[in-house]
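Opening the notebook on a new model today. I want to see how the pieces pack together.

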Amino acid sequence: MPFVTQVLLPKRSNDGKRFSRRCFESFHARMIDKFGGWTRKGQAEGAWLSPSGEFSSDEHWVYEIGHPHRDLAFWQAEKERLKVEFAQ
């Protein structure tokens with residue numbers, strides 16, 4: 001595939017509750033329907049300070065999706081959909 005898009009999905013909600021496997025199923029199904037599959041490469045961790053100085057950290061699953069053509073409109077829509085599905 002000439003293009004690979006990396007998607008990071010949170011492992012926990014904003015209140016710290018772990019997302020169940022079921023929470024990822026619709027994303028998995030969309031990637032299979034549109035691109036024929038997905039790869040979960042592992043985990044990523046991040047940390048930051050909010051503008052008020054509060055420390056936050058999180059863990060994500062790292063996905064890579066191979067595709068033959070750029071489709072910016074699809075990925076922008078997918079980003080917004082995932083923000084809703086994972087309450088980000």
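**Phe-27 and its surroundings**

I started at Phe-27, which touches Val-7, Leu-9, Tyr-63, Ile-65, Glu-78 and Leu-82, leaving out residues up to four places away in sequence (contact is heavy atoms within 4.5 Å). Note to self: this is a predicted model, where local features need pLDDT of at least 70, side-chain atom pairs count only at pLDDT 80 or more, and totals for chains, interfaces and linings use all residues. Residues are numbered from 1 along each chain as its sequence is written, and side-chain values use heavy atoms, with hydrogens and water left out.

Next I looked up helix 1, residues 25-35 (helices are DSSP runs of H or I, at least four residues; strands are runs of E, at least two; both numbered from the N terminus). Its buried residues (under 20% relative accessible area, 1.4 Å probe, protein chains only) are Phe-27, His-28, Arg-30, Met-31 and Phe-35. Seen down the axis, they fall within an arc of 165° (taken from the directions from the helix axis to the C-beta atoms), so they line one face of helix 1. Their cover includes strand 1 (3-10), strand 3 (55-67) and helix 2 (72-85). After helix 1 I found Gly-36, with a positive phi near 90°.

Then the sheet: it is open, with three strands in the order 1-3-2 and antiparallel pairing (two strands pair if DSSP finds at least two bridges between them). Strand 1 and strand 2 (39-49) are the edges, each pairing on one side only. Strand 2 and strand 3 pair over 10 bridges, and Gly-42 has Val-62 in strand 3 as its bridge partner.

Technical notes
Buried means under 20% relative accessible area, exposed over 50%, partly exposed in between (1.4 Å probe, protein chains only).
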